[in-house]
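Reader: I am looking at a protein chain for the first time, and I would like to learn how the words used to describe it are justified. Could we go through some of them slowly?

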Amino acid sequence: MQQLIDKISSYNLFNYLFPGVIFAAIGLQITDVDLTGGHLAFGVFMCYFYGLIISRLGSLLVEPILKKVSIIRPADYRRYIAASKEDPFIETLSEQNNSYRTLISLCLVLLCLHGLELMRQAMDKDWNTFFPFTLPLLFVLFVAAYRKQTDYIKKRIDKCLESDSGIHSKENKDETHNT
């Protein structure tokens, strides 16, 4: 278990595990449901998974909303890549920035959990009532996250090829030759 924890990057620790642990701890206070399953190894994986979900919600919902209402104005992605090559500390600042976005998302998820708990109590139902909605929502969340990550990788590749004219020129010659 310790070897696994040692391999977790600082990004994963602060954007997945940390918010997942906070979610599970506060979730227990809000709902009286042990979201870790009561086992250490299982609990660590569940907290990581909760944090992953919370982080993706931050990326896919919180960030676009904050952009739309002009609370944040991120730098152009191509400029970010170029500047990161010159100043590696920018990547550290970006990780910290993503941590704040994840914590904003965590607050919103906890508010939603509290609202669901109040609704559950008012309807006098158990938590299994909400379970059928969970899997489709997670499916949509992870498809959207996959799409965003694929676009992110494509932008990195495009920028890399744009800055390395030798590779880009060779690629264009190959495409012309193959047609």
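Author: Let us begin with E162, which has a relative accessible area of 44% and is described as partly exposed. Please keep in mind throughout that this is a predicted model.

Reader: Why is E162 called partly exposed?

Author: Buried means under 20% relative accessible area and exposed means over 50%; E162 has 44%, so E162 falls in between and is called partly exposed. This residue is found in helix α6, which covers residues 131–163.

Reader: What makes the pairing of the side chains of E162 and R78 a polar contact?

Author: The two side chains come to 3.1 Å, and the cut-off for a pair of N or O atoms is 3.5 Å, so the pair counts as a polar contact.

Reader: How do you know whether S105 is buried or exposed?

Author: S105, which lies in helix α5 (residues 89–123), has a relative accessibility of 2%. Because the limit for a buried residue is under 20%, S105 counts as buried.

Reader: Which residues are in contact with S105, leaving aside its neighbours within four places in sequence?

Author: They are I54, L57, G58 and V62. With I54 there is also a polar detail, since the backbone oxygen of I54 lies 2.8 Å from a polar atom of the S105 side chain.

Reader: What else is I54 in contact with, and where does I54 appear in the nonpolar core?

Author: Beyond its neighbours within four places in sequence, I54 touches P19, F23, T102, S105, L106 and V109. In the largest nonpolar core, which has 13 residues, I54 is among those with the most contacts inside it, together with F23, L35, Y50, L106 and L110. The elements that give two or more residues to this core are α2 (10–31), α3 and α5, and α3 supplies the largest share, five residues.

Reader: Why is I72 called partly exposed?

Author: Its relative accessible area is 32%, which is neither under 20% nor over 50%, so I72 is partly exposed. I72 lies in the loop between α3 (40–68) and α4 (77–86), and, with L61, I65, V69 and I71, I72 forms a nonpolar patch on the surface with about 460 Å² of accessible area together.

Reader: How many helices and strands does the chain have, and what percentage of its residues are buried?

Author: The chain has seven helices and zero strands, and buried residues make up 26% of its 179 residues.

Key: Residues are numbered from 1 along each chain as its sequence is written. This is a predicted model: local features need pLDDT of at least 70, side-chain atom pairs count only at pLDDT 80 or more; totals for chains, interfaces and linings use all residues. Side-chain values use heavy atoms; hydrogens and water are left out. Patches are made of residues with over 30% relative accessible area and no salt bridge: like charges are joined within 9 Å, nonpolar side chains (Val, Leu, Ile, Met, Phe, Trp, Tyr) within 5 Å. Accessible areas come from the Shrake-Rupley method with a 1.4 Å probe; for residues, only the protein chains shown count as cover. A salt bridge is a side-chain nitrogen of Lys or Arg within 4 Å of a carboxyl oxygen of Asp or Glu. Helices (H or I, at least four residues) and strands (E, at least two) are DSSP runs, numbered from the N terminus. Buried means under 20% relative accessible area, exposed over 50%, partly exposed in between (1.4 Å probe, protein chains only). A polar contact is a pair of N or O atoms within 3.5 Å; within protein, one must be able to donate a hydrogen and the other to accept it, and residues adjacent in sequence count only if both atoms are side-chain atoms. Contact means heavy atoms within 4.5 Å. A nonpolar core is a set of buried Ala, Val, Leu, Ile, Met, Phe, Trp, Tyr and Cys residues joined through side-chain atoms within 4.5 Å.
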